[in-house]
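Here's a quick walk through this one, starting with how far to trust the coordinates and ending at the ligand. Have the structure open while you read.

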Amino acid sequence: MSDNLLELRGISKAFDGKTILQELDLNIKSNEFVTLLGPSGCGKTTTLRIVGGFEKPDTGSVIFNGEDITALAPEKRHINTVFQKYALFPHMNVEENIAFGLKIKKKSKEYIKDKIKYALKLVDLDGFEKRKPNSLSGGQQQRIAIARAIVNEPEILLLDEPLGALDLKLRQDMQSELIRLKNELGITFIYVTHDQEEALTMSDKIVVMHRGLVQQIGTPKDIYDEPCNAFVADFIGDSNLLKGKMLDDRLVEFLGERVICVDEGFGKNEPVDIVIRPEDVEINEVGKGIVNGVVKNILYKGANYEMTVEAGGFDWLIHNTVAYPVGSMVSLYVKPFNIQIMKQMDESEMILDEDMENETYE
Amino acid sequence: MVKNVFGRIYIGLIMLFLYAPIVVLIVLSFNNSKSRAKWGGFTLKWYSELFDNSIVMDALWTTLTLAILSAVIATVLGLLGAIGIDAMKKRNYQIMLGATNIPMLNADIVTGIALMLFMVRFLPLGFSTMLIAHITFNIPYVIFSILPKLQQIDVSVYEAARDLGANSVKAFWKVIIPIIKPGITSGFLLAVTMSLDDFIITYFTRGAGVNTLSTVIYGEIRRGIKPEMYSLSTILFLMVLIVLVMSNRASKKQVK
Ligand SMILES: Nc1ncnc2c1ncn2[C@@H]1O[C@H](COP(=O)(O)OP(=O)(O)OP(=O)(O)O)[C@@H](O)[C@H]1O
Ligand SMILES: [Mg+2]
């Protein structure tokens, strides 16, 4: 037996003949904070709905604690959901909303009362018992939705872009609040977002999705430092994305230059994608780097400067603490281990913008 | 200023044409004189005569039973219909909406004759045929009262109920029904009014010896106008008015 709390095995799902999820595999351990991350329409909500029981996969199975629950009704799963639009019951006040699940489970009055009190304290909204949902702000409704879910003591809490509608400040507060909740309650979180920063700061494990396919699963550090393909690299954080050719083990060619790297095991002369993070590009005197170039643009970004340098026919994005004036000649250098080399993806799969065309639903 | 004057004239005319006849009717129902032109003092005589008249009392009873029963059944069927229509895909939805609309716009006399011709094939004309007819014309009003409420509901509210442990039946009763309740109430009251109000369809689908207030009034008036009929009309008017006020109250609640 595995120690996975939840396993998705070969899940596929199509709507109206259009494939939305393709052979999705995912293992989640107890008390993990797992984030599904990907552009709009990539199938995040659909995945969550399959876990919650609101959608049946066409093929594949959902295994919970070693038991196949693929066909189990939502109300029979030890899983609760915080919906994208909160979905509070408009005809009930805060207290009744939170008590809903407990009343159905026929808990005693005192138990329910205690739970409501505890949950409201947890989400920092004590005193709001008698308020109606439509008299609450977005952030407050959000927190009530969380309280309503957690009083049922689910083993897994599903959250679908719960912070999407909030402003930056509140969003950051809620982020740390959620992490605190997770640690306090020992609940497993499956969290959906298309905000890569949010994913990087909150998750134990990130699942990067694109067009219904899992691109990469790993810790935030894995995904940021070692993206497995150009899509992931491009989607997570800023990056310089170049095309190149692997000449030999530890020798790559890009922008017409031969450069030492640390990657091995590619075929001779195999075309590759190369990712270099903006903070990994070093700026040297002319002639003392890989390529020479000229500073085209500079922006002060608080902690550092963001520069664009044209070198070797490519516009490099560079983060540096030292400012170089526009027009100055520089040379760019990248340490071998900072050069990420990846197998090339299908051209068509790389174009992020194309997803926007599919966004006609909702 | 000018606008104001015209506004007042307009309201005056409306009052005159719509309400003056009713006011006259009500006044006459208390008139202690058989003449329509002369005020013979205040009396409740016509009302007491009415209450002694067994045909009228039977008709009153029939009218109320018919209104309540047809409204209840139409509300149940209309609720199911609205839920079905709401769940339909775009094309079928449009078709059903049209199909619901037509009976409301159709001339009552056509509906009445059609229902009668249809039902005589398998039912003797009588209370049951009237009831079926009233249910039939009431259903669209119920559907159109409930449908907008259903459309405002976000499906995720229903899913949230399921998520929290309610099975589909419980989720429906505890969440969907309470949210659309104002629509159900106003649909029901509207159906009661429509039923109380109806004469033409009732006239064609009733059997011999079964009367509602409106058919009694019509039958009596053909034989010459008796003052009791003023009282009877007044009672009918007041019943409709009361239900309308209740229905308004219900829809005001839903705005809140
Ligand atoms: N019930 C449905 N019927 C038809 N198509 C659907 C349905 N639900 C989802 N889809 C389609 O499936 C695709 C994936 O949808 P999904 O909601 O899972 O995306 P998402 O990753 O959550 O996107 P977002 O970030 O915009 O919420 C979309 O193209 C959507 O149009
Ligand atoms: Mg979504």
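Among the elements of chain A in this predicted model, helix α2 (residues 94-104) has the highest mean pLDDT, at 95, and helix α10 (residues 354-357) the lowest, at 42. The stretch to watch in chain A is residues 348-362, where the pLDDT is below 50. Beyond near neighbours in sequence, that stretch has 20 contacts in the model. Where pLDDT is low, the predicted coordinates should not be read in detail.

Chain A overall averages a pLDDT of 88, with 95% of its residues scoring at least 70. For chain B the mean pLDDT is 88, and 97% of the residues reach 70 or more. On the scores for the model as a whole, ipTM is 0.78 and pTM is 0.78.

Now for the layout of the chains. The domain assignment splits chain A into domain 1, covering 6-225, and domain 2, covering 239-344. Take the centres of those two chain A domains over C-alpha atoms and they sit 40 Å apart.

Chain B is also assigned two domains: domain 1 runs over 1-33 and domain 2 over 47-255. The centres of the chain B domains, again over C-alpha atoms, are separated by 29 Å. How many residues of domain 1 of chain B are in contact with domain 2 of chain B? Six residues of domain 1 touch six residues of domain 2.

As for secondary structure, chain B has eleven helices and zero strands, so to speak an α-α-α-α-α-α-α-α-α-α-α run from the N terminus on. Along the principal axes, the C-alpha atoms of chain B fill a box of roughly 70 × 65 × 30 Å.

On to the ligand. There are 15 residues around ligand 1, and A:S40, A:G41, A:K44, A:T45 and A:T46 come nearest. By class, that shell holds four nonpolar, seven polar and four charged residues. Which element gives the most to the shell? That's α1(A), with three residues.

Three contacts to oxygen atoms of ligand 1 are worth picking out:

| Residue | Atom on the protein side | Distance to an oxygen atom of ligand 1 |
|---|---|---|
| A:K18 | N or O atom in the side chain | 3.5 Å |
| A:C42 | backbone N or O atom | 3.2 Å |
| A:E161 | polar side-chain atom | 3.1 Å |

How much of ligand 1 does the protein cover? On its own, ligand 1 has 630 Å² of accessible area, and the protein covers 79% of that. The elements giving two or more residues to the shell around ligand 1 are β2 (18-29) and α1 (44-52), both of chain A.

Key. Residues are numbered from 1 along each chain as its sequence is written. Chains are lettered from A and ligands numbered from 1 in the order in which they are written. This is a predicted model: local features need pLDDT of at least 70, side-chain atom pairs count only at pLDDT 80 or more; totals for chains, interfaces and linings use all residues. Side-chain values use heavy atoms; hydrogens and water are left out. A residue is near a molecule or strand if one of its heavy atoms lies within 4 Å of it. A polar contact is a pair of N or O atoms within 3.5 Å; within protein, one must be able to donate a hydrogen and the other to accept it, and residues adjacent in sequence count only if both atoms are side-chain atoms. Accessible areas come from the Shrake-Rupley method with a 1.4 Å probe; for residues, only the protein chains shown count as cover. Helices (H or I, at least four residues) and strands (E, at least two) are DSSP runs, numbered from the N terminus. Ala, Val, Leu, Ile, Met, Phe, Trp, Tyr, Cys and Pro count as nonpolar, Asp, Glu, Lys and Arg as charged, and the others, Gly among them, as polar. pLDDT is the predictor's confidence in each residue, from 0 to 100. Contact means heavy atoms within 4.5 Å. Domain bounds come from an automatic or database domain assignment.
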